[in-house]
Amino acid sequence: MGRNPVCIVTDQCAAMKQAIPNCFKATDDFPTSRHRLCMWHITEKFPTKLGNFLCKETEFMEKIKKYLWSSVIEPDEFEQGWKEVIKEFKLEEHVWLSEMYDMRQSWIPAYFRDKPMYGFIRTTSSSESENYFFIQFHQCGSTLSEFYIRFESAMDKQHNETKRLNHECASAKPVTVSKLFLEDDAVELYTRAIFYKIQEEILAARDDMRIQTIGPEINGMKFYEMKDVKIKDRIF
């Protein structure tokens, strides 16, 4: 007997909203699957719903994304931050934003902090990017033979791009800046694109985290209480 998926990410399809709790019901052994809305689909609608000027010519998106995408803040911090930004840009009466706020527990990372790795399960953009890639090679109404030829062309392009990226990774290593062994290990473990993301996290930890207290050693392990000076001195 199989088990229910822990989390299912979809767009705002009403049929999926109804189907998921019915198809993946809780049992004595497994809880029901948690339904989460894709953040990518929602944030992509911001320019359409709010206008290009607000989203591209002001600091609105920069400020609101700080609360939308963060998985380290608590729900009450998100709610306070959201309200501050909405008030600053006088959007209290905006119907669509109010609807998105009402369903915040279905898509905002702050409400998914209770389960490990939930912070990484927030978008279906990977599948969407694949759709975008292949649609460049295909057209509606293509015959089966045309589909096959164009599919082969798409795969050739992917293979060539993979070879190019592999060559870049093998021929030159990224420059490390922190002088930490952790960063040196990351250079050996990750591709260039992933390494640069890891590097950002390492530098943020080095520059923004402070040791608050050092606990006693237990079973050969030391416990540290850390303070993040950039997130309202949050203690970890």
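This report walks through some helices, strands, ring contacts and cysteines of a predicted model.

## Helix H6: two sides

Start with H6, which runs over residues 75-88. From its first C-alpha to its last, this helix of 14 residues reaches 20 Å, close to the 20 Å expected at 1.5 Å a residue. The buried residues here are Glu77, Phe78, Gly81, Trp82, Val85 and Ile86. They sit on the same side of H6, because the arc they cover around the axis is only 160°. Note that Glu77 is in that buried set, along with Phe78 and Trp82.

Turn to the other side of H6 and you find Asp76, Lys83 and Lys87, which are exposed.

## From H6 into H7

Just after H6 comes Lys90, with a positive phi of about 55°. That positive phi turns up although Lys90 is not a glycine. Lys90 belongs to the loop between H6 and H7, and its relative accessibility of 71% makes it exposed.

On the far side of that loop, Val95 has its place in helix H7. With a relative accessible area of 56%, Val95 is exposed. The C-alpha of Val95 is 9.6 Å from that of Lys49, with the two positions 46 residues apart along the chain.

## Rings that pair up

How many aromatic pairs does the structure hold? There are nine. In one of them, Phe78 meets Tyr101: the ring centres are 6.5 Å apart and the planes are at 20°, so this pair counts as stacked. Phe78 comes from H6 and Tyr101 from H7 (residues 95-102), so the contact ties together parts that are 23 residues apart in sequence. Are these two residues buried or exposed? Both Phe78 and Tyr101 are buried.

Phe147 and Phe151 form another pair, with centres 6.1 Å apart and planes at 25°, so these rings are stacked as well. Here both residues lie in helix H9 (residues 144-171), four residues apart, or about one turn of the helix. Phe147 is partly exposed, at a relative accessible area of 40%, and Phe151 is partly exposed too, at 30%. There is also a cluster: ring pairs link Phe46, Phe60, Phe89 and Trp96.

## Arginines over rings

Two arginines are worth a look while you have the rings on screen. Arg104 places its charged end over the ring of Tyr101, at 4.1 Å from the centre. Tyr101 is also the residue whose ring stacks with that of Phe78.

The other one is Arg36, which lies over the face of Phe112. The distance to that ring centre is 4.0 Å.

## Strands E1 and E2

E1 covers residues 7-10, and its side chains alternate: Cys7 and Val9 point one way, while Ile8 and Thr10 point the other way. All of these are buried.

The partner of E1 is strand E2 (residues 34-37), joined to E1 by four bridges. The two strands run parallel. Within this pairing, Thr10 stands opposite Leu37 of E2.

## The E3-E4 hairpin

Further along, strands E3 (residues 209-218) and E4 (residues 221-228) run antiparallel and are joined by seven bridges. Ile218 has Met221 in E4 as its bridge partner.

The hairpin has two residues between its strands. Which residue of the hairpin takes a positive phi near 55°? That would be Asn219, a residue other than glycine. Asn219 lies in the loop between E3 and E4 and is exposed, at 76% relative accessibility.

## Cysteines

What about disulfides: how many does the structure hold? Zero. As background, a disulfide is a covalent bond between the sulfur atoms of two cysteines.

Some of the cysteines are still easy to place. Cys38 is buried, with a relative accessible area of 1%, and Cys55 is buried with a value of 10%. Cys7, on strand E1, is buried as well.

Conventions: Residues are numbered from 1 along each chain as its sequence is written. This is a predicted model: local features need pLDDT of at least 70, side-chain atom pairs count only at pLDDT 80 or more; totals for chains, interfaces and linings use all residues. Side-chain values use heavy atoms; hydrogens and water are left out. The expected span of a helix is 1.5 Å times one less than its number of residues. Buried means under 20% relative accessible area, exposed over 50%, partly exposed in between (1.4 Å probe, protein chains only). The arc is that of the directions from the helix axis to the C-beta atoms. Two strands pair if DSSP finds at least two bridges between them. A disulfide is a pair of cysteine sulfur atoms within 2.5 Å. Rings of Phe, Tyr and Trp (its six-membered ring) pair if their centres lie within 6.5 Å; planes under 30 degrees apart count as stacked, over 60 as edge-to-face and the rest as tilted. A charge sits over a ring if NZ of Lys or CZ of Arg is within 6 Å of the ring centre and within 35 degrees of the ring normal.
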